[in-house]
Amino acid sequence: MHRIVAVFLLCAVAVPFAYVHAAFPVTSTKEDLLLKYEAAAAGGEKVRILVMPGHEPEYGGAEYRTLKERDIAVEIANKIAAHLEANPRYEVIVARDTLAWHPELEGYFDRNWKGIQRFVKDKKKEMQKMLRKGAVEEREFQVEHNAAATDVALRLYGINKWANEYGIDLAIHVHLNDHMGHGLASPGVHSGFAVYVPDEHYGNASGSTALGEALAKNLNKWNATSTLPIENYGVVPSQSLIAMGSNNTAEFATVLVEYAYIYESKITYPEARGVVTDDFAYQTYKGVEEFFGNPVLGDYTLALPYVWKAEEIEEGTASPQIYALQVALHSLGFYPPAGELLIGCPVSGYAGPCTTRALKVFQASKGLEQTGSIGPRTKAALQASGL
Ligand SMILES: [Zn+2]
């Protein structure tokens, strides 16, 4: 009987998080992280957080027109770090800037290159053994990820090794998504965010998955989950991503956030991107604090309250005010307009027909002329709504 139950549970692992089964010794749990957080409050060791902008200084990552994922990732990572640093319980390290690795990591790569190579070889050997024994079930790699060149892969594994030794408690990898097959100048078909976590067989799966779910919940307040079928659930386990500790190389909680696809309007309009990434970072921070049981109260945005300006809303343009307007109308239940979803009408700072329609419905609800622009009366109505 007991055996039958066990078999049933093993079948259930195909359903995300129905049952978390670590084949390797467990190295990260939510409970341990909460204890660490409590201890830090009492003057103990701080919770060590690594914020890792995806890819390398001056190399790798998605590109679209003149945009580079690796640079925008630094912008988002620095904003996340700034929030986290305000909490004295955290020690925060950002792995790199746009030009260079953090000196600590650079030095580690230089001094330990052979050691990193050995570490990877040993871990891969262990993993192969687990696969042969049937203790780890090989997952089909349904999501395409660019195969990393050897030295790039080794640096990523090296970061895991360094973080294990340094005592990093949790890592947040910051990325923008891309979908294969669209040209450098034409957008792809998918959009939305996804949070990757380690495959359940790995020792760090438990703590990572709990953290990933908290981040996804906060981002999901007005960011739609990815339309790519495997990413649609929002939290996606991965066996093969090095950042998630593939081959069981990371002992700490680690998550990888694909905030948006690089060709989405949230990213491509520099006029509004700053406020979009402000909120990406803020929602991530709120997710971390919620995970640690110290929730940040209030709305999911830094864009409100907004000092509204009377202004025509021109479709095809982007601005911080349009972003604030979309956030405000979203919080009042007008955006996206009836019959539409966030995936088609994103909160992005870019004005399209969704914004005009939503604003007109708001104006009608206040008995105002439906201009689809912010005139003096609409401005007053927005202010009166406390936004
Ligand atoms: Zn990336």
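Here are three short exercises on a predicted model, each with a worked solution.

**Exercise 1.** Find how helix 9 and helix 10 are oriented to each other, and which residues meet.

Solution. Start with the geometry: helix 9 covers residues 320-331, helix 10 covers residues 353-365, and the two pack at an angle of about 55 degrees with their axes 11 Å apart. Angles from 35 to 65 degrees count as oblique, and helix 9 and helix 10 are therefore oblique to each other. The crossing of helix 9 past helix 10 is left-handed. Now look at the contact: from helix 9 come Ile322, Leu325, Gln326 and Leu329, which meet Thr355, Ala358, Leu359 and Phe362 of helix 10. Sorted by class, this contact holds six nonpolar residues, two polar ones and no charged ones.

**Exercise 2.** Decide whether Ala324 is buried or exposed.

Solution. First locate Ala324: this residue is part of helix 9. Its relative accessible area is 1%, and under 20% counts as buried, so Ala324 is buried. Beyond its neighbours within four places in sequence, Ala324 touches Ala303, Leu304, Tyr306 and Trp308.

**Exercise 3.** Work out which strands stand at the edges of the six-stranded sheet.

Solution. Read the strand order of this open sheet, 4-1-5-8-6-7, where the pairing is mixed. Strand 4 (90-94) and strand 7 (235-238) each have a single partner strand, so they stand at the edges, with one side lacking a neighbour in the sheet. Next, take one pair: strand 6 and strand 8 run antiparallel, joined over three bridges. Within that pairing, Ala194 has Glu258 in strand 8 as its bridge partner. Finally, helix 6 (residues 205-219) packs on the sheet and touches strand 5, strand 6, strand 7 and strand 8.

Conventions:
Residues numbered from 1 in each chain as written. Predicted model: local features only at pLDDT ≥ 70, side-chain atom pairs only at ≥ 80, totals over all residues. Heavy atoms only, no water. Axes fitted to C-alpha atoms, helices over the stretch in contact; angles between N-to-C directions. Helix = DSSP H or I, 4+ residues; strand = E, 2+ residues; numbered from the N terminus. Parallel < 35°, antiparallel > 145°, perpendicular 65-115°, else oblique. Left-handed = near helix turned anticlockwise from the far one by under 90°. Contact = heavy atoms within 4.5 Å. Nonpolar A, V, L, I, M, F, W, Y, C, P; charged D, E, K, R; others polar. Buried < 20%, exposed > 50% of the residue type's maximum accessible area, 1.4 Å probe, protein only. Pairing = 2+ DSSP bridges.
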